[in-house]
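Hello,

Here is the structure I promised to pass on to you. Have a look at it first, and then read on for what turned up in it.

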Amino acid sequence: MSSSLQFGLFTTEEGTDPMTALVPDEVDIYILNLSGGKDGPRAAALALDAARAAGVEDRVYTIHASLGPLEWPAVTVGGVRYPGSSELAALHSRALGVPPERHIEVRRARDLEGERVPYDLLTYIAERGDWPWKGVLPCRSDWKTGLIYGAFSSMVRARKKQLGRPVVCANVLGIRADESPDRKKRPAFRTTTDNTARVVHEWSPAHQVTTQEVKDWTDEQGLPHQWCYDSHPGAGDWKGSSRCSCSLCVLASQRDLLLAVKRRPRLAELYALVERVRGVPFNPNTSMAELIERAGRPGAPDPGVVIEDEGPEFEALTNAVEAALKKPAKRARYVRPGTPADALPAAATAARRGTPPRLRTRRRDVYTSGHLFSGGWGDGRGFMNAGYTPRFGANHNPWAIKTARANVPDIYTREAAIQTIDMRTLPYADVLVGSPICREATPAGGNSRARVQLEFDVGDGTQGKPSRWEQTRMTAWEPIRYVDVHEPLAYVGENVPGFFTRNPRLFDAWLGVWDVLGRHGYYVTLACVNSAHVTVEMPDGTVLGPVPQYRDRLVWVMVRKDLGKVPDLLPRPVSICPNCGPVRGIQHWPGVQNGRGRRIGAYLRRIPKSGASQAKRSYYYVCPTQRCHARVEPVTRGIGDVIDENVRGHRFGDGRQDRNAFEAYAPAARAAVVEGHRLFGGKPFIVTRRNHGGATPLDVPIGTVTAQGGAHHYLARPTPDMDIDECEYRPLTVKENARTQGFPKEHVFAGEEPDQKLQVGDAVPVTVATWAAQETLKVLPS
């Protein structure tokens with residue numbers, strides 16, 4: 001918008017100019033109301049001319065009282081974004097020349113369960129049980145005027161103390177005479193408040209300006225106007241809505257209402273729901289149900305654009321309205337006691353009896369998943385493999401957010417620490433997916449043995465600090481907060497077995513919450529699996545083989561009790577029995593005897609040489625044949641399958657490559673390379689620099705890829721002469737580690753290499769997520 005806009009006073013007939021009753025330099029605060037519509041800027045321009053002429057422009061403020069999701073939202077058509085009402089109000093303020101710091105936006109809120117949350121007008125209507133028809137309209141008094149006065153209260157108190165007298169305020173409105181007979185009778189200037197604190201003059205400087213003059217002036221100045229005024233966004237023809245108030249205003253014309261119903265069908269359905277439950281029509285002349293029916297007839301106005309209304313604000317509004325409708329109306333003005341039951345809709349009758357109505361939900365062709373995700377979108381990729389549609393993703397890490405958007409461009413994302421999110425602002429999803437913090441914390445976020453791991457041993461005794469590790473994952477209480485609000489059909493998560501073993505009592509307490517959570521409670525199903533053993537057949541027939549990584553996980557699925565089913569999470573990997581050949585192995589827990597003990601632990605790859613405590617906390621697989629039950633080994637995949645032969649390393653003798661000056665590798669690293677040369681006779685091998693790891697061949701899986709993204713795993717290629725210093729040596733790349741987690745080649749990771757490493761190492765293995773998603777899908781309603 002050009003900074004050279006000229007705003008001149010319109011000439012009006014003698015006796016109609018409101019300036020005759022106002023002395024501009026005696027006004028202490030100018031409050032210019034901007035709704036995002038066409039009339040506010042015109043009135044504000046006239047008031048600004050007066051303030052500038054008097055040399056008091058620094059006393060001017062603009063303000064927008066937001067109606068939240070009831071306002072006209074922003075839309076994007078043909079790659080062009082057209083701003084919504086709140087954004088337009090700020091744009092108009094800047095175009096008028098008001099500094100950004102003097103533009104204020106307010107929105108009504110209330111305290112709910114100890115939190116400050118938005119309080120929208122439709123929720124208020126649903127609670128009261130009646131609609132604002134005539135008289136004092138709450139959309140003007142409580143949601144606009146009251147908020148605006150409150151926004152300036154502290155400024156008024158300070159000015160009064162400074163001036164020693166009541167503060168004079170000019171409340172500038174965009175009211176015009178040709179809008180309605182009532183507004184024509186309304187004076188252009190009047191004093192609405194006069195007390196010891198403030199004197200408020202209501203001033204409508206554009207009262208005598210016609211609608212066409214406002215449109216012409218807006219176009220001449222190049223001022224952006226609300227897209228709802230046009231037949232379609234960007235048309236500029238002023239053939240859409242005649243007014244820009246809330247989208248579905250009870251005072252709007254029939255054509256405007258029909259147009260709004262077609263442009264915002266979900267909002268219209270929500271209004272109709274309130275109408276049905278409360279038994280009170282939306283408008284004294286027509287009902288919302290009738291408007292929806294008429295909007296579907298031939299000859300109804302063409303909307304030009306249809307808004308999906310699927311953002312978090314709208315979902316929060318829907319949840320708040322539905323919650324309000326489950327309670328009796330506080331004040332049902334038009335439904336008198338004694339009204340015959342057959343005169344009201346069934347839902348309204350149920351509401352008056354105090355029983356919650358059956359609320360309709362939208363029909364979905366597929367189930368949706370919501371991801372309080374960690375890592376590089378591994379759980380999201382797995383649920384997409386199983387046929388779910390991801391609804392949202394939330395994470396504190398901006399690179400994880402960008403990764404989700406890169407792989408699912410139309411997904412709603414929230415960049416915030418999970419602990420700080422008001423779960424009511426997140427959309428509903430049929431299945432919630434989220435994995436709490438790993439070994440660094442217990443379900444409650446910490447205990448005497450746990451610590452937040454701010455630094456990592458990345459090999460050779462050196463320390464690294466991957467970005468944003470401090471909040472890599474949420475605590476186990478965050479899914480409970482979401483489920484308490486939205487009550488999804490199921491919740492799926494995973495963690496290391498230590499999630500239980502480090503504090504069993506606290507883990508049991510956490511499970512106990514799920515048993516009673518929400519209206520129905522949730523059945524809990526637990527399973528321990530290793531990612532190297534999971535094979536999944538996808539709906540299209542594609543088989544996802546096991547990943548070349550040993551990664552022990554505790555997987556859980558919480559299913560709402562009213563579904564009456566639980567998933568089968570017993571792993572049955574393809575295994576080789578020494579007696580029976582290929583079989584489907586079954587888990588055996590040595591520590592569980594006569595039903596006593598918990599089946600939570602890690603896969604026992606080898607029997608310990610001494611002591612049985614580790615075996616009692618672990619499992620292995622046995623042949624399912626009743627007379628055999630010999631130990632069997634699941635079929636695995638070697639790390640060599642994902643090694644990129646085109647990526648070369650450096651001479652081992654050249655020392656560490658992350659140092660400015662020469663520094664040889666630590667003796668332990670050299671000993672592991674020597675061991676690999678001896679064991680594998682010149683073939684390439686993996687050196688694991690963690691937990692006393694040594695050299696392993698390429699035909700077996702590697703150990704767990706951690707949040708360091710594989711800094712513990714190095715590829716060694718011996719030379720023909722078996723010279724240790726000439727051996728080619730390098731860490732596994734981000735792409736190679738991503739393949740060990742089951743990510744496909746086309747998966748995109750955002751950020752620089754350290755950010756990608758953190759996402760890869762912290763991700764849920766894709767095959768594990770796909771398996772859990774498929775098993776959960778089997779128990780959901782058809």
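To start with the sheets: in what order do the strands of the open sheet of 6 strands lie? The order is β5-β2-β1-β8-β10-β9, and the pairing is mixed. At the edges are β5 (103-107) and β9 (189-194), each of which pairs on one side only. On average, neighbouring strands here are turned by 25° against each other, direction ignored. Please keep in mind throughout that this is a predicted model.

Within this sheet, β8 (residues 167-172) and β10 (residues 198-203) pair in the parallel sense, over 6 bridges. If you want a spot to zoom in on, Cys169 stands opposite Val200 in β10. Helix α5 (residues 153-163) packs on the sheet, where it touches β1 (29-33), β2 (60-66), β8 and β10. The direction of α5 makes about 145° with that of β8.

There is another open sheet to look at, this one of 7 strands, in the order β13-β12-β11-β14-β17-β21-β18 and again with mixed pairing. Its edge strands are β13 (412-415) and β18 (522-530), and each pairs on one side only. From one strand to the next, the twist averages 15°.

In this sheet, β17 (residues 490-495) and β21 (residues 552-560) pair in the antiparallel sense, over 6 bridges. Tyr491 has Met558 in β21 as its bridge partner. Helix α17 (residues 504-516) packs on the sheet and touches β17, β18 and β21, its direction making about 135° with that of β18. Tyr491 also belongs to an aromatic cluster, together with Phe499, Phe500, Phe507, Trp510, Trp514, Tyr522 and Trp556.

Helix α15 (residues 477-486) is worth a look too. This helix lies across β11 (368-372), β12 (389-395), β14 (431-434), β17 and β18, and runs at about 165° to β14. Which residues of α15 are buried? They are Glu478, Pro479, Ile480, Tyr482, Val483 and His486. Just after α15, Glu487 takes a positive phi of about 50°.

Now for the interior. The largest nonpolar core has 46 residues, and those that touch the most other members are Leu70, Leu122, Trp131, Leu248, Tyr271 and Met288. At least two residues of this core come from each of α3 (121-128), α8 (254-263), α9 (265-278), α10 (288-295) and α11 (312-325). Of these, α9 gives the largest share, with 8 residues. What does Tyr271 touch, leaving out residues up to four places away in sequence? Its contacts are Leu70, Leu122, Trp131, Leu248, Phe282 and Met288. Apart from this core lies another one, of 41 residues, which includes Ala394, Leu426, Leu432 and Tyr603.

The aromatic rings make a good tour of their own, with a count of 26 aromatic pairs. Why is the pair of Tyr229 and Trp238 tilted? The ring centres of Tyr229 and Trp238 are 5.3 Å apart and the planes stand at 35°, so the pair falls in the tilted class, which takes in angles that are neither under 30 degrees nor over 60. Both partners are on the inside: Tyr229 is buried at a relative accessible area of 3%, and Trp238 counts as buried at 13%.

Compare that with Tyr714 and Tyr729, whose ring centres are 5.0 Å apart and whose planes are at 5°, so this pair is stacked. Tyr714 lies in strand β31 (residues 713-717) and Tyr729 in strand β32 (residues 728-731), so the pair ties together parts that are 15 residues apart in sequence. Tyr714 is buried at 10% relative accessibility, and Tyr729 is buried at 1%.

Finally, a word on confidence. The chain has an average pLDDT of 83, and 84% of the residues score at least 70. Over residues 332-364, however, pLDDT stays under 50, and the model has 54 contacts for them beyond four places in sequence. Residues 439-473 are also below 50, with 89 contacts in the model beyond near neighbours in sequence. Where pLDDT is low, the predicted coordinates should not be read in detail.

Enjoy exploring, and best wishes!

Definitions and conventions. Residues are numbered from 1 along each chain as its sequence is written. This is a predicted model: local features need pLDDT of at least 70, side-chain atom pairs count only at pLDDT 80 or more; totals for chains, interfaces and linings use all residues. Side-chain values use heavy atoms; hydrogens and water are left out. Two strands pair if DSSP finds at least two bridges between them. Helices (H or I, at least four residues) and strands (E, at least two) are DSSP runs, numbered from the N terminus. Axes are lines fitted to C-alpha atoms, for helices over the stretch in contact, and angles run from 0 to 180 degrees between N-to-C directions. Contact means heavy atoms within 4.5 Å. A nonpolar core is a set of buried Ala, Val, Leu, Ile, Met, Phe, Trp, Tyr and Cys residues joined through side-chain atoms within 4.5 Å. Buried means under 20% relative accessible area, exposed over 50%, partly exposed in between (1.4 Å probe, protein chains only). pLDDT is the predictor's confidence in each residue, from 0 to 100. Rings of Phe, Tyr and Trp (its six-membered ring) pair if their centres lie within 6.5 Å; planes under 30 degrees apart count as stacked, over 60 as edge-to-face and the rest as tilted.
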